[in-house]
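Dear colleague,

Please find below the structure that I am handing over to you. My notes on what was found in it follow.

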Amino acid sequence: MCGIAGLLGPNMPSGAMRAMLDRLRHRGPDGEGEYHSPGGPAALGHTRLKVIDLSPAGQQPMADPTGRFWIVYNGEVYNYLELKNALSDWPFRSQTDTEVVLAAFVRWGAACLERLIGMFAFCVWDEKRQELFAARDRFGVKPFFYHVTPSGGLLFASEIKALHAAGVPREPEQRTWAAYLARGLYDHDERTFWRGVYRLQPGSLLRYSVRDGTRVERWYDLRAAFERVGEDDRCESLVEEELLGLLEESVRLRFRSDVPVGLCLSGGLDSSLVLALVRKSQGEECSLKTFTFTTGDPAYDETPWVRAMLRHTRHVGCFCPLSPSEVPALMAEVQAFQDEPFGGIPTLGMARVHARARDEGVTVLLDGNGMDEAWCGYDYYTRPEGVDIGTGPVQGAVSRSTPRWLAPEFAELASQVPGEWSSGDRLRSIQLHDLCVAKIPRAMRFADRVSMQFSRELREPFLDHRLVELGLRQRRSRKVRDGVGKWLPRTLARALLPGPVREAPKRALQTPQREWLRGPLRAWACDQIEGAIQGWGASWLDASSVRSTWTDFLRHGADSSFTVWQWINLGLLSSGSRGLDG
């Protein structure tokens, strides 16, 4: 897991690469390197977090034996050993997955992407052709941002702050802010919250040359992957057998590491299922550290189910508390690393988890993201057929109404909302929307930044594309039955999880965000909201409506903590606070 950066084309600013790597050091504290093309059109940079092959042989940028191809790579390709066997005639000089990816690209070109199982963002510079090839994994677990200069050059990096450090102007992209404030949308297209900075979309690749400029195209499309094979018409027992096999393999592959592996463990079904699969894969005697975020509020306390899951195992439970008094300072710190608005108290809780993992010497953690979207785990998925599933921005669907507290001229910028992802099936369309637009893209951005803030690698077993495609292909009755979502995964869990976890009631909310904002964080939140009104929001927001909505939230218990959190993020990012400069 690492940070990557690049400068290509004419008139690149002096010292820019050094500035970019300085801003990416938290992503790779174990080493760094640069490659500068002899002809001058390309410079590649890398900061290294050692996970596989801890020797100097894993340093990047890395060249093929001829010196023609140079790679900078961020991520993990979990099936690298199998690919290495398929490339047995390549003169490998390291034990890294980086070199396997480079060899795969040299051998198969862009077609190599279809063979990769994992998370990645990588670039290969072809010294002979003077061309760059870059690609991002199917679900955007690993980041890639870029900027095209007026003279036709290209800058890219793992984080936006590195591009700003290289001289890209730091100006808000108003269309993105309007979509966020009016519709609850973010990370849904190529635009970021900063003008001139773009994200390479999940499942996309980029080609660049000084002669031809920059071209972006899609190499993976989940909807097209479904349409190629259609709905699964096999009997349920065969699907259940395949699901269990893929779950076991996905967890097993994600244990490939030369550093300690741990687990983010809540009391919910998904992370508990990961832990059960770890025991099944690694053996009953395996011992690893688990990390659980707590708030001290009994209404949101997951610890009884966590302790039930750990009972009769050798695993060590590490509990990571967060109190309201810690939020203001931690919010500023996390915001500085996120670069864009993020998801609220749960992300701060994950900051506590990754900080504790660092203190415990655990470099790699497994997480349970992706199961709800692939197998319909959210409450709104379970509504009867024919009932509108759309639920507003908090749950991940697109809000179609314009908030009264938004200036009308500014709201007009958000008039273009992404269209429906129609698949001929309403439930499957909502899944596609959550996986590709509303939920997974932003969740992956939050998770990547907060883990890499503490130089930890986060792995997502349930976002293995084979598992996601399998879930998407299933008919409704295999995902939602008797008003309960994730039907087939729950069926498997009955045989793998202890009774108290298996029968635990559904907990809809994770944190006391509403209670804290109304209570101990009230004065702090008010200061941030006033900062939003007086910063960029002076022309974006209707100040009197913002204040009255805030008052309603405090007095009448209106459930609008998402809206309040939007204003807080805006206040921090527009006020010249620490969150602005990172």
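**The second largest pocket**

By class, the residues that line the second largest pocket comprise eight nonpolar, three polar and seven charged ones. Please bear in mind throughout that this is a predicted model. The space in this pocket amounts to about 280 Å³. Its lining consists of 18 residues, and those closest to the pocket centre are F105, D126, R129, E131 and R207. Five elements each contribute at least two lining residues: the helix α3 (97-108) and the strands β6 (118-126), β7 (131-136), β11 (204-209) and β12 (213-218).

**The six-stranded sheet**

The four strands just named also belong to an open sheet of six strands, which has the order β4-β5-β6-β7-β11-β12 and antiparallel pairing. At the edges of this sheet are β4 (62-63) and β12, each of which pairs on one side only. The antiparallel contact between β4 and β5 (residues 69-77) is made by two bridges; within it, A63 has W70 of β5 as its bridge partner. As general background, strands of a sheet pair through backbone hydrogen bonds, either parallel or antiparallel.

**Strands β8, β9 and β10**

Strand β8 (residues 145-148) has two antiparallel partners, β9 and β10. With β9 (residues 154-157) the pairing extends over four bridges, and H147 is matched there with L155. With β10 (residues 198-199) there are two bridges, and Y146 has Y198 as its bridge partner. The hairpin of β8 and β9 has five residues between the strands, and G152 takes a positive phi near 95° in this hairpin.

**Cysteines**

How many disulfides does the model contain? The count comes to zero. A disulfide is a covalent bond between the sulfur atoms of two cysteines, and the cut-off applied here is a sulfur pair within 2.5 Å. For C264, the closest cysteine sulfur is that of C320, and no bond is assigned because the separation of 8.7 Å is too far for one.

Are C264 and C526 buried or partly exposed? C264 is buried, because its relative accessible area of 6% falls under the 20% limit. C526 is partly exposed, because its value of 28% lies between the limits of 20% and 50%.

With kind regards

Conventions
Residues are numbered from 1 along each chain as its sequence is written. This is a predicted model: local features need pLDDT of at least 70, side-chain atom pairs count only at pLDDT 80 or more; totals for chains, interfaces and linings use all residues. Side-chain values use heavy atoms; hydrogens and water are left out. Buried means under 20% relative accessible area, exposed over 50%, partly exposed in between (1.4 Å probe, protein chains only). Two strands pair if DSSP finds at least two bridges between them. On a 1 Å grid over the protein atoms alone, a cavity is a set of points where a 1.4 Å probe fits but cannot get out, and a pocket is an open set with protein on both sides within 12 Å along at least five of seven lines; lining residues have an atom within 4 Å of a point. Grid points are joined across faces, edges and corners, and a volume is the space filled by probe spheres set on the points. Ala, Val, Leu, Ile, Met, Phe, Trp, Tyr, Cys and Pro count as nonpolar, Asp, Glu, Lys and Arg as charged, and the others, Gly among them, as polar.
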